[in-house]
Amino acid sequence: MAALPAAALREADDPTRAVATDPCGAELLLQALVDHGVTTIFGFPGGANLPIYQFLPNFPLRHVLVRHEQGAAHMADGYARASGRVGVCLATSGPGALNLITGLATAHYDSVPVVAITGQVATHQIGTDAFQESDVIGSSLSVTKHSYQIHDARELPAVVAEAFHVATTGRPGVVLIDIPKDVQQALVANPLGAITRARAHQAPPPPEPGLLDQAAAHLAAAERPVILAGRGVAIAQAEDALRQLAEALDAPVGTTLLGTGVFPSTHPLALGLVGFMGTGACNRAVTDCDCLLMVGMRADDRVTCRIDGFAPRAQHMVHVNIDPAELGKTVQADCQIVGDAGLALDALLARLAPRPRPAWRAQVQGWRERHPPRYPRNGRLQPQEALAELYLRRRPEDITVADVGLNQMWAATSWTGDAPGQFLNSGGQGTMGFAFPAALGAQAAHPRRRVFCVTGEGGFVMTAQELATAVDAGLPVKVLILNNHSLGMVRQFQDDFYGGVRSQVDLAATPDFTLFAKAYGCFGAQVERLDQVGPALDAALAHPGPAIVDVWIDPEANIYPIVPLGKGLADFVECPDPS
Amino acid sequence: MPGPVVTLAEGAAHEAPHAHLAPRPIPEPTGRRVRVVSMRLEDRSGVMQRVTNCIQRRGFRLETCAVGPTPEPGIAGLTLRVDPGYQPPDQVVKQLAKLIDVVSVEDITDTPRVEWTTALVTIDRRGAEAIVDPAVARLDGQILHRDADRVVVAVAGPPAELATRLEALRPLPGADWVCSGPLACAPGQPVTMAGTAASAPPTTQQRGQ
């Protein structure tokens, strides 16, 4: 017998009372996700989110079953970074929810839009220390843009709508929705309309014209202008405007770690990475510039190093950021512009006439020649050589995700890409173990593109359990492990800055990654010579599924240039033993 | 399969363990820069947790806090005194403004403003009535409770003046008190949200600090 429609069952005297054919909270949540264009969720089931999983098969949503909730958060992060859409992850209460935190912090620090959904114990059990109860709202306050705990299932569609709005409006970030189990199961007759929070719906302000005039005047008058660009340019999809402005000003362009790729690395005005491990040419140019434009970036300590050594000769500094709190937080720019990087770049471009600066360009070129990338050639396989083999095989549309540590800096400073959004890494938090699950997220977002994960053996083993997810979900990420059998960056810091005492950095007992890969039915190869790297990568690329190429590099390989701790940008140290 | 063993670099200099540590005095925050902040918040569950978390997270220190309803339903008024610590003073308002539940936030430190604090004073009178009763009279407060053993007085005023009046009670061994955080408003500033004018001015005793 066909079920009667809800309207026929509803009591005439109380049309708001739910009946058995009305949707429950879990269904409202899932429908709201579908309504907001979500196609993929990364999650892990448990007691407090089982109502959601009960109804999940009824909705057109792909669920990627992770092996640890941290992996789910990183995958949602990687999905969002690669696609520009909101990444969604789902966990149960208690340990499941808390396991998300590191991944949420990683995304939030890097302004990545992620919506995290957690199950919670039933409303009447909250506060009783019930089984698998955790205060995920309190625990996540510092790593979310906003969070909700829903006590009325009728609010679910509106809260989801607001969460997506908050996650993507202004400076993107992480929003968490905590849903008690009884709310997931509650039947709802009449969902509430949109919830209105004044701040939640405030549009980012347009850049102030007067300040733009001032900034344009400073840039026009400069003899030695430099532009530094960050991830805000990528979020605003303003790479073309950045290039046009740089060309109009004849100003060299450096990028932050998260800004890698927003300016073509082969462009004659490209300076490469700025900061702690930035290129010599970029750090020299920032030190000597008379006007510095920072756009879509935070000017954090990894960029500035010692504050009084950051652009000390700049007569004017212009700082553009969509988040007012980032202006004047570290660097005190005399022209601070709140606004979207794209709008600001377009407005500046409209105010500036092209002006060649051949003397400045020649000076910068001299620094490029005096401070080229250098690494030792001592007969041992160098990481830059292995990366060159990888990048040689990279197609323009391929995505590379780097982990954290030396591998990240080698991958970033060797980057040869000319298109935006193809080099992803964890900048603000520097979360080891990020790359592999984030690469899986990127692969889920772009099934037809090739995704590489560049990592170290230390970071890879932190989330290596997700190889099962890669196999299970058919995500054929190719992993390049730059294996130095140690925590390399820590080891370099101990050598250089902590009295040469190598303490707890030896990772000689890492697994045989070839066997590890094969245990999951994946391709695995281990190489120690440069002539083996290319063929191993080719074999990995020819394999239809996930693959690991474990490259044993010089265990003493370091990152150079590097600015010694407590020093200014101009004090960078170059490779002591190049040949 | 073990990899190549990483060993100490040949000839690595083994200096004294602290040789690489330059003596570095801990910088002092520059002067007293406590900010007086007036806020309007959406009065939702957990909103104060978000505010205090923001203050702790950013390295600020909360000195005082006063919160309560406003004429606008669902909107709470909040006055904070916040030490920005090592951060630039404007970071207090900038960071608080990022909270989604914050409707408005203003730093009124350098604005002509009025502040008002209340205190509840409890004094043990037993055997000391001759001293206590005149002291209570000098407090110029409102007696809320009196019995043979003790008296409870409500006193109010601008924070500095109230502190002086309370300090005068310190010699009394049976005196105890608790103060609210100061409420503050800047009468000369436009109201930032329709219908949320600051609380009614208490009395003509009120004066700017």
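Colleague: In this predicted model, over how many bridges do strand 1 of chain A and strand 3 of chain A pair?

Modeller: In the predicted model, strand 1 of chain A belongs to an open sheet of six strands whose order is 2-1-3-4-6-5 and whose pairing is parallel. Within the pair, A:G43 stands opposite A:L90 in strand 3 of chain A. Strand 1 and strand 3 (residues 87–91) of chain A run in the parallel sense, and the bridges that pair them number two.

Colleague: Which strands of chain A stand at the edges of the sheet with the order 2-1-3-4-6-5?

Modeller: The sheet is open and its six strands are ordered 2-1-3-4-6-5, with a twist that averages 20 degrees from one strand to the next. Each edge strand has a single partner strand, so one side of each is left without a neighbour in the sheet, and the two in question are strand 2 and strand 5 (146–149) of chain A.

Colleague: Why is one side of strand 14 and of strand 17 of chain A left without a neighbour in the sheet?

Modeller: Strand 14 and strand 17 of chain A are part of an open sheet of six strands in the order 14-13-15-16-18-17, with parallel pairing. Strand 17 of chain A is joined to strand 18 (residues 547–552) of chain A by five bridges, and A:V527 has A:V551 as its bridge partner in strand 18 of chain A. One side is left free of a neighbour because strand 14 (423–424) and strand 17 (523–527) of chain A stand at the edges, each with a single partner strand.

Colleague: Which element gives the most to the side of domain 1 of chain A that touches domain 3 of chain A?

Modeller: Domain 1 of chain A covers 6–185 and domain 3 of chain A covers 383–559; their centres, taken over C-alpha atoms, are separated by 31 Å, and 24 residues of domain 1 of chain A are in contact with 25 residues of domain 3 of chain A. On the side of domain 1 of chain A that touches domain 3 of chain A, strand 1 (40–43), strand 2 (62–65), helix 4 (69–83) and helix 6 (101–109) of chain A each supply at least two residues. That side divides into ten nonpolar, ten polar and four charged residues. With eleven residues, the element that gives the most is helix 4 of chain A.

Colleague: Which strand gives the most to the side of domain 1 of chain B that touches domain 2 of chain B?

Modeller: In chain B, domain 1 (35–107) and domain 2 (114–183) have centres 29 Å apart, taken over C-alpha atoms, and the contact takes five residues from domain 1 of chain B and four residues from domain 2 of chain B. Strand 2 (61–69) and strand 3 (75–83) of chain B each supply at least two residues of the side of domain 1 of chain B that touches domain 2 of chain B. The strand that gives the most, with three residues, is strand 2 of chain B.

Colleague: Among the elements of chain B, which has the lowest mean pLDDT?

Modeller: Chain B has a mean pLDDT of 81, and 75% of its residues reach 70 or more, while over residues 1–15 of chain B the pLDDT is below 50. Where pLDDT is low, the predicted coordinates should not be read in detail. Among the elements of chain B, the highest mean pLDDT (97) belongs to helix 1 (residues 47–57) of chain B, and the lowest (90) to helix 3 (residues 129–139) of chain B.

Notes. Residues are numbered from 1 along each chain as its sequence is written. Chains are lettered from A and ligands numbered from 1 in the order in which they are written. This is a predicted model: local features need pLDDT of at least 70, side-chain atom pairs count only at pLDDT 80 or more; totals for chains, interfaces and linings use all residues. Domain bounds come from an automatic or database domain assignment. Two residues are in contact if their C-beta atoms, placed from the backbone, lie within 7 Å. Helices (H or I, at least four residues) and strands (E, at least two) are DSSP runs, numbered from the N terminus. Ala, Val, Leu, Ile, Met, Phe, Trp, Tyr, Cys and Pro count as nonpolar, Asp, Glu, Lys and Arg as charged, and the others, Gly among them, as polar. Two strands pair if DSSP finds at least two bridges between them. Axes are lines fitted to C-alpha atoms, for helices over the stretch in contact, and angles run from 0 to 180 degrees between N-to-C directions. pLDDT is the predictor's confidence in each residue, from 0 to 100.
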